[in-house]
Amino acid sequence: MAPSSVPVAVVGGSVAGLSTALFLARRGHRVTVLEKDATPTPATAAEAGTWRRRATPQAAHSHAFLARSRAILAQEAPEVLATLAEAGVREARLAQVPPDGLGALVPAAGDDDLVVLNARRSTFEWALRRAAERAPGVDLRLGVGVEGVEVEADELRRVTGVLTDAGPVAADVVVDAGGKRSPVRGWAGVADDPVVEGDGPTPRVVPCGITYLTRFYRLRGAEPTPLNRGYTHGASYDRYSCLVFPADDGAFSLTFGVLPEDRDMRALRDPAAFDAAVAAIEDVAPWGDPDVAEPTSEVATMANLQNLLRPWVRGEPLGLHVVGDARSVTNPAHTRGTTLALATALHLAEAVDAHPGDVGAQTEAMAAFTSDELAAWVEDSVGQDADRLARWRPGTDPEPPLWRHRLTNGQAYLAAQRDPTAWRAFTRLQSTLARPAEVLDDPTVVAAAEEVAASGWRPARGAAPDHDDLVARARSVSA
């Protein structure tokens with residue numbers, strides 16, 4: 001055991017908790033992961049693809065693991081990448097498939113970083129769990145529920161461990177990786193609506209204004225079309241969107257995004273109606289062709305989605321660190337959740353390693369990361385949702401982001417279809433390798449966007465029914 005080894009208790013054994021444990025253990029710290037779900041680890045990759053746990057209903061929906069995720073794993077846990085490759089995870093090398101308007105790109109520095117992992121959420125989590133189970137310094141305890149946080153009753157209010165249904169676990173650092181409904185901060189005495197002092201970020205709860213309906217399929221052969229969005233395929237249409245998400249081992253998912261209040265679109269919950277709607281959209285219809293793919297699931301619904309930020313506030317005990325969805329949530333369509341969880345886990349591991357005996361310094365580092373980086377991604381998600389809702393709900397005023405930039409994501413996207421420099425910048429933004437301000441306020445990208453706007457150019461898009469026609473087609477076959 002290293003002289004600076006810190007005992008850590010991690011509450012929650014999903015992506016955020018497992019990656020935190022791995023990254024801390026690599027630095028010589030002793031980590032106990034407490035996961036109340038006793039579901040055992042699948043024995044094979046084939047079983048992992050359909051693995052479901054009650055704590056992760058999002059596994060029934062589309063995912064992608066952005067270039068920053070891949071870079072972090074390559075640095076911190078290369079064996080996870082190796083396991084994913086063996087499981088048939090698809091790598092989307094974005095510089096090799098630029099938009100049609102750019103032609104073949106001249107290779108440039110940084111292009112090799114632009115690689116997205118197309119995988120099912122359950123396969124990704126399985127690879128992380130296998131690594132954690134084998135990692136020296138990680139004690140993964142399944143079926144153990146946490147019931148409280150122990151805090152010293154002094155002025156500093158340091159955590160000393162957690163209480164579980166199997167007995168207490170002592171720890172100098174407690175990590176809340178319990179998801180967006182985690183009770184851990186409440187157990188530690190943090191109010192639901194804390195008052196933020198000073199210049200810290202404002203707690204945010206902003207509805208995404210979208211509901212997702214997803215169905216999984218398996219290819220019978222090759223992918224039927226190139227991907228028109230780099231690592232996904234499809235578009236936004238008349239008050240709905242439809243996207244293809246390739247995944248591992250020939251699996252893929254199709255997801256419709258609809259307005260939460262749109263009762264007519266609930267017809268898509270019927271599998272036959274879902275497939276009929278897919279068949280009516282030119283861009284995605286080839287993926288739903290029965291000769292190309294077979295369905296492997298029913299239709300899953302994900303609703304009540306919010307962009308969320310819980311910044312550090314006075315009153316949080318020292319040594320309690322919050323990661324993953326317990327700290328921040330963005331619209332799942334932007335595919336950033338798992339990537340930001342990995343990035344936060346890495347920042348925490350580095351903070352604990354740099355200040356093993358100073359929980360105050362750890363807290364300062366994590367509070368700064370939340371206010372500087374996580375807040376930026378939450379506001380970017382709020383902004384993208386506001387732009388979409390302005391189109392889908394004409395005449396309404398969606399809640400705007402607190403942080404404004406010279407460009408919207410939509411304007412930068414158009415510039416990226418016509419200008420190689422703008423494409424690389426925007427692709428790094430989409431991959432979370434560059435922060436929103438670094439791209440959306442970049443004079444070069446702004447100039448490219450202004451030129452595209454002046455030209456009136458818009459990308460070609462396949463034929464698709466309007467909202468009412470899509471509903472009619474779905475209802476015509478609905479049971």
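Student: In this predicted model, is L243 buried or exposed?

Tutor: L243 sits in strand β13, which spans residues 240-246. In this predicted model the relative accessible area of L243 is 17%, and the cut-off for a buried residue is under 20%. Because 17% falls under that cut-off, L243 is buried.

Student: Which residues is L243 in contact with, leaving aside its neighbours within four places in sequence?

Tutor: One partner is S253, which is ten residues away in sequence and 8.3 Å away in space, C-alpha to C-alpha. Leaving aside the neighbours within four places in sequence, the full set of contacts of L243 is R229, T232, H233, G234, A235, S253, L254 and T255.

Student: Where does D249 lie, and is D249 buried, partly exposed or exposed?

Tutor: D249 belongs to the loop between β13 and β14, the latter covering 251-258. Its phi is near 55°, a positive value in a residue other than glycine. Most residues other than glycine have a negative phi. With a relative accessible area of 45%, which lies between the 20% and 50% cut-offs, D249 is therefore partly exposed.

Student: T335 also has a phi near 55°; is T335 buried or exposed?

Tutor: T335 is found in the loop between β19 and α9, and its phi is a positive value in a residue other than glycine. The relative accessible area of T335 is 7%, and since the cut-off for burial is under 20%, T335 is buried.

Student: Which element gives the most residues to the lining of the largest cavity?

Tutor: The structure holds four cavities of 30 Å³ or more, and about 60 Å³ of space lies in the largest cavity. Its lining consists of G324, D325, S328, V329, T330, R336, G337, L340, A341 and T344. Two elements give two or more residues to this lining, namely β19 (328-329) and α9 (337-354). The element that gives the most, with four residues, is α9.

Student: How many residues of each class, nonpolar, polar and charged, does that lining have?

Tutor: Among the residues of the lining are L340 and A341, as well as D325 and R336. Leu and Ala count as nonpolar, whereas Asp and Arg count as charged. By class, the lining of the largest cavity therefore has three nonpolar, five polar and two charged residues.

Student: Which residues touch the most other members of the largest nonpolar core?

Tutor: Nonpolar side chains tend to be buried together in soluble globular proteins. The largest nonpolar core in this model has 86 residues, and the two that touch the most other members are V80 and F124. The largest share of this core, ten residues, comes from α9. Leaving out residues up to four places away in sequence, V80 touches L22, L73, A127, L128 and A131, so that the answer to the question asked is V80 and F124.

Student: How many residues are in the other core that lies apart from it?

Tutor: The members of this other core include A235, I281, V292 and V299. A235 is also one of the contacts of L243. The other core has 30 residues.

Student: Which residues does T32 touch, not counting those up to four places away in sequence?

Tutor: T32 has its place in strand β2, residues 30-35, and at 13% relative accessibility T32 counts as buried. Not counting residues up to four places away in sequence, the residues that T32 touches are V8, A9, V10, D139, R141 and V169.

Definitions and conventions: Residues are numbered from 1 along each chain as its sequence is written. This is a predicted model: local features need pLDDT of at least 70, side-chain atom pairs count only at pLDDT 80 or more; totals for chains, interfaces and linings use all residues. Side-chain values use heavy atoms; hydrogens and water are left out. On a 1 Å grid over the protein atoms alone, a cavity is a set of points where a 1.4 Å probe fits but cannot get out, and a pocket is an open set with protein on both sides within 12 Å along at least five of seven lines; lining residues have an atom within 4 Å of a point. Grid points are joined across faces, edges and corners, and a volume is the space filled by probe spheres set on the points. Buried means under 20% relative accessible area, exposed over 50%, partly exposed in between (1.4 Å probe, protein chains only). Contact means heavy atoms within 4.5 Å. A nonpolar core is a set of buried Ala, Val, Leu, Ile, Met, Phe, Trp, Tyr and Cys residues joined through side-chain atoms within 4.5 Å.
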